[in-house]
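Good morning, everyone, and thank you for making the time. I would like to take you through one model slowly, so please have a look at it before I begin.

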Amino acid sequence: MLERDSALVENAIKEYYFNHFDLVRIPPKPAQREFGYQKINGGMTRHISIKDVKELHLLLMRETPSDVYCSNAYYSFPSMPMSEKDWQGADLIFDIDAKDLALPCRKDHAVSRCGSCGTVFPGSRPLCTSCGSPKHETVSVTCRDCIGESKKEVKKLVGLLVEDLGIREEEVEVYFSGNEGFHVRVTNRDYEQLESQERADLVDYIMFNGAIPETFGMKRQSSSRSELPEMGEAGWRGRVATTLFGSKSRAPKASRQVLAEGYSAFQEKLEGMRQTLGARVDPKVTMDIHRIFRLEGTINSKSGLAKTRCADLDGFDPFSEACLLGDEKVEVVASSPAVIRLKNKKYGPYENERISVPKYAAVYMICKGLASTV
Amino acid sequence: MKRCVLQPGIMDLAKYPFLAEAGEYLRDKGFNLEQLGHPDWAPLVEKAYGRIVVASSGQVYHPEGGRLENPDMEILSFIVAVILLKAAGINTLTRRFSLAEARRAERFLQQDLWANKDKKNLDLPLKIISELFGIRVHVEDDEFVIKVADYLQRAVHFHEKEWKLVNRRVGAGLVHLTSHETVRLIRTELGQYISARIQSISLPPIPDTFKSRVGDLVTLAGRFADAPVVSSDYPPCVKHAIEVLEKGENLPHSGRFLLATYLLARGQTADQIAPLFKNAPDYNERITRYQLEHISGSSGRGTKYQCPSCDKLRSESLCFKVPECDGIINPIQFGRKRGTANA
């Protein structure tokens, strides 16, 4: 990021932490967690111990980090090197990101930025439209559909956590990540001791990975109707039955058909269900028991939006509720083929235009590489 | 180690003689080591020795006739076997004995769980599982249920697909299991528990009548001490698998599969490979040979199994990569591609 751009972003972030520090929340057991932060154009500083909110406030004011993280794990010695921290347990965490969902809307707002001349052009092309360079980065601009589809995945995940894994709803916290998706944190004592490999198997359950036909009563030879799942059964058997049969009245006919189609066809059906019924989370995040995860209420430097708790997921509008930087007018030169919507107002498309926009919109575009200060 | 509050009866102690209550029971009945050293008790020492010999061959000990007709002898023979093992001081034998006794107890636990699932004396097997291993098992509609986290912490070590959580019946935070599956889950921990109990016992001066059998145990252990030839050309994953077996520790199924497929691919025969598995705590010559022949394709459907890829080994935590592994995707390529990579 250019120096004059980073100064604007840094000032906006400092002002946010000064005015809205009450929105920054530390998870339980702060003294046992590892904290970390990044500054604009800087590397990651981690293995920091913070004992309370006051100490965090001081750090935010002193360093003005662009991104702040806190471990999902609790340690005896959080500021020691990893091998000496003495891991005590970790919250279960999940990451759902719109860019991993292969959504059809993505092509409508895909934007690329040339790595050589900085030209911004729509879609993803092999060569820059201006200088012909093959180097370019994809700029992630999120739309309402991306958020809507991500919310559906969150709901699937929360349903599985509550119905199948016995986690109480009040133990599940859903956050807008501050950019393109959602974070889910579970604080449940039964699960906090799970190691990485055990969490990997849990993620496979959530994503419906690795299910075999035998689990649903379908064998390579001589399957019987009585072993097929029934609607109303708990867990995946019930969900598979609902998908296969649709309704109880259709079940006898549909189950005969399932048996007639055989083992391989059933395997294909399971694969299809994996795509539609499994919650599409990022497995690497959940498996990582030493991860530092973005802290609630802090700014995400990929967008200038804040990681925000979603009390009412359905009604949550990240483009308004997580857009918390200042609104005084700032002049920037913008190049954005995509339309950006923030606080119910449209910005763009712009073609190398000098514009005066609220600070939060200017920061959003600068963070995405779509604008620069004058 | 956890102290049990199980209040088992004498038949329970005959089934589960590793419980702390077994020692208390014998003390209450007035048995002591000096007394057991009397020649009249020679059959007991023979029974104890036999129990170790059976275990060392990878089999599970059963009393004659298969019934626990003399519970005192069952309990005493276990205790004397432990004393003989302590006196011999050979870890391989202790490990084999612990695993075999765990499998014996597993059988009883399974029977007790199944036979008593609707009666009040289900308490004991459930208490054993809960007190010794911290797993709360409940009965729900003729099935056994445990918490998802308890399940994952154990099942994750099994490599068969049916043990994956997605292939279990799960609801409301509980996993549904049969009695067999319930006890299978704790087999390793049961073996470790018995082994730890043996390690924790301090050895009293042993009677002279025990000494010849202690000497026999040292001779018996010699059978497992043949050091296999390890080539320096083997990749680190294969060396690791051999080292684990050499120590008499349990190598997971996937590790054994790696070792067998790798050595077969290097041109060794099932006869040459079989002795490597001699030190495995559950070694059974007949089964080992059958499995090697199956993997080599000389029996069964004739499918010759290939050595698993480095990716697969990594996912199974069996990869111990060294710089010389750079550029290979299968352990078989180790050493062959090395020259090319350095060129």
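**From the whole chain to one cysteine**

Let me begin with how chain A is connected, and please keep in mind throughout that this is a predicted model. If we take the contacts in chain A between residues at least 6 apart in sequence, 65% of them join residues at least 24 apart. Chain A holds eleven helices and 18 strands, and along its principal axes the C-alpha trace spans about 75 × 55 × 35 Å. Of the 374 residues in chain A, 42% are buried.

Now let us turn to the place where the two chains meet, to which chain A gives 24 residues and chain B gives 18 residues. On the chain B side, the elements that contribute two or more residues are helix 8 (148–155) and strand 3 (169–171) of chain B, and helix 8 of chain B supplies the largest share, with four residues. Sorted by character, the residues on that side of chain B are nine nonpolar, four polar and five charged.

Finally, I would like to look at a single residue, Cys105(A), which sits in the loop between strand 6 (92–97) and strand 7 (111–114) of chain A. Is Cys105(A) buried or exposed? The answer lies in between, because Cys105(A) has 16 other C-beta atoms within 10 Å and therefore counts as partly exposed. Leaving aside its neighbours within four places in sequence, Cys105(A) is in contact with Cys143(A), Asp145(A) and Cys146(A). Arg144(A) lies 39 residues from Cys105(A) in sequence, while their C-alpha atoms are 9.5 Å apart in space.

How values were computed:
Residues numbered from 1 in each chain as written. Chains lettered and ligands numbered in written order. Predicted model: local features only at pLDDT ≥ 70, side-chain atom pairs only at ≥ 80, totals over all residues. Buried ≥ 20, exposed ≤ 12 C-beta atoms within 10 Å, placed from the backbone. Contact = placed C-beta atoms within 7 Å. Nonpolar A, V, L, I, M, F, W, Y, C, P; charged D, E, K, R; others polar.
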